[in-house]
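Student: I have a model open and would like to understand the labels people attach to it. Could you take me through the reasoning behind them?

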Amino acid sequence: MALTGKLSFETVIRSPAAKFFNLMARQLHHLQNICERIHAAKLQVGNDWDSVGGSVKHWTYIIDGKVVTCNETIDIIDEHKYLMIFNLFDGDISKNYKVFKLAFQVSDNSNNSTTSVTWTVEYEKINNDVEAPYGYMEYVDKCTKEIDAYLLKA
């Protein structure tokens, strides 16, 4: 059984791609006030939340009904492709995964007034007993819907 893997899914939202991407890229600290499963987020290292590689954030959130924690840095912010890649490490993530990259890309659908958000997790498990991170896919799907609802009200 392989220790490395990749999970991906696409969901449709009604908010414009630019608006969703801007919240994620420039207002990440607001997620704890928008998403029900995020209990806390704080900047541990660095001076800003949207620094690529320069800041470390500590997150407390719920996966599969359990409160878990991790640290996170941003690996990539691509303003042109509306793409971000996060590196999650330490805390509960490190108990199961050596590598955990969470990415999303947003695009407006030209044939209608919706937006597609594609989420991808690339991971390396610490051993074969660890499950693929399906709970994280469900988590980001729920957060995406909550962010969309928030942006539609704003």
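Student: Which element gives the largest share of the lining of the largest cavity?

Tutor: Helix H4 does, with 5 residues. Keep in mind as we go that this is a predicted model. Strand E3 (56-63), strand E4 (66-78) and strand E5 (83-89) also give two or more residues each to that lining, as does H4 (134-153) itself.

Student: What makes a space a cavity, and how many are there of 30 Å³ or more?

Tutor: A space is called a cavity because a 1.4 Å probe fits there but cannot get out. The count comes to 1 cavity of 30 Å³ or more. The volume of the largest cavity is about 260 Å³. Its lining has 17 residues, and Leu 31, Trp 59, Leu 102, Tyr 139 and Val 140 are the ones nearest the centre.

Student: How do the residues of that lining divide into nonpolar, polar and charged?

Tutor: There are 16 nonpolar residues, no polar ones and 1 charged. Tyrosine and tryptophan count as nonpolar in this scheme, so Trp 59 and Tyr 139, both close to the centre of the cavity, belong to the nonpolar class.

Student: What makes the largest pocket a pocket, and how much space lies in it?

Tutor: A pocket is an open set of points with protein on both sides, whereas the probe cannot get out of a cavity. About 300 Å³ of space lies in the largest pocket. It is lined by 16 residues, and those closest to its centre are Ile 63, Asp 64, Asn 96, Tyr 97 and Tyr 136. E4, helix H3 (93-96) and H4 each give two or more residues to this lining. By class, the pocket lining has 9 nonpolar, 2 polar and 5 charged residues.

Student: H4 keeps coming up. How do you know what span to expect for it?

Tutor: The expected span is 1.5 Å times one less than the number of residues. H4 has 20 residues, for which 28 Å is expected, and the distance from its first C-alpha to its last is 29 Å, close to that value. Several of its residues are buried, including Tyr 136, Tyr 139, Val 140, Asp 141 and Glu 146.

Student: Lys 142 is in H4 too. Why is it called partly exposed?

Tutor: Its relative accessible area is 26%. Buried would need under 20% and exposed over 50%, so a value in between is called partly exposed. Leaving out residues up to four places away in sequence, Lys 142 touches Glu 36 and Arg 37. Its C-alpha is separated by 23 Å from that of Val 130, 12 residues apart along the chain.

Student: Why is Met 24 called buried?

Tutor: Met 24 has 4% relative accessibility, and the cut-off for buried is under 20%, so the label follows. Met 24 lies in helix H1 (residues 17-26). Beyond its neighbours within four places in sequence, it is in contact with Leu 31, Met 84, Phe 86, Phe 104, Trp 119 and Ile 147.

Student: Asn 87 has 19%. Is that buried or partly exposed?

Tutor: Buried, because 19% falls under the 20% cut-off. Asn 87 is found in strand E5, and its contacts outside four places in sequence are Asn 71, Glu 72, Thr 73, Asp 75, Phe 100 and Lys 101.

Student: How do you know that the side chains of Thr 120 and Ser 8 make a polar contact?

Tutor: They come to 3.2 Å, and a pair of N or O atoms has to lie within 3.5 Å, with one able to donate a hydrogen and the other to accept it. Thr 120 is found in strand E7 (residues 115-125), and its 14% relative accessibility makes it buried.

Student: What makes the phi of Tyr 82 worth a look?

Tutor: Most residues other than glycine have a negative phi. Tyr 82 is not a glycine, yet its phi is positive, about 50°. It lies in the loop between E4 and E5, and at 24% relative accessibility it counts as partly exposed. Asp 90 also has a positive phi, about 60°, without being a glycine. Asp 90 lies in the loop between E5 and H3, and its 37% relative accessibility makes it partly exposed.

Definitions and conventions
Residues are numbered from 1 along each chain as its sequence is written. This is a predicted model: local features need pLDDT of at least 70, side-chain atom pairs count only at pLDDT 80 or more; totals for chains, interfaces and linings use all residues. Side-chain values use heavy atoms; hydrogens and water are left out. On a 1 Å grid over the protein atoms alone, a cavity is a set of points where a 1.4 Å probe fits but cannot get out, and a pocket is an open set with protein on both sides within 12 Å along at least five of seven lines; lining residues have an atom within 4 Å of a point. Grid points are joined across faces, edges and corners, and a volume is the space filled by probe spheres set on the points. Helices (H or I, at least four residues) and strands (E, at least two) are DSSP runs, numbered from the N terminus. Buried means under 20% relative accessible area, exposed over 50%, partly exposed in between (1.4 Å probe, protein chains only). Contact means heavy atoms within 4.5 Å.
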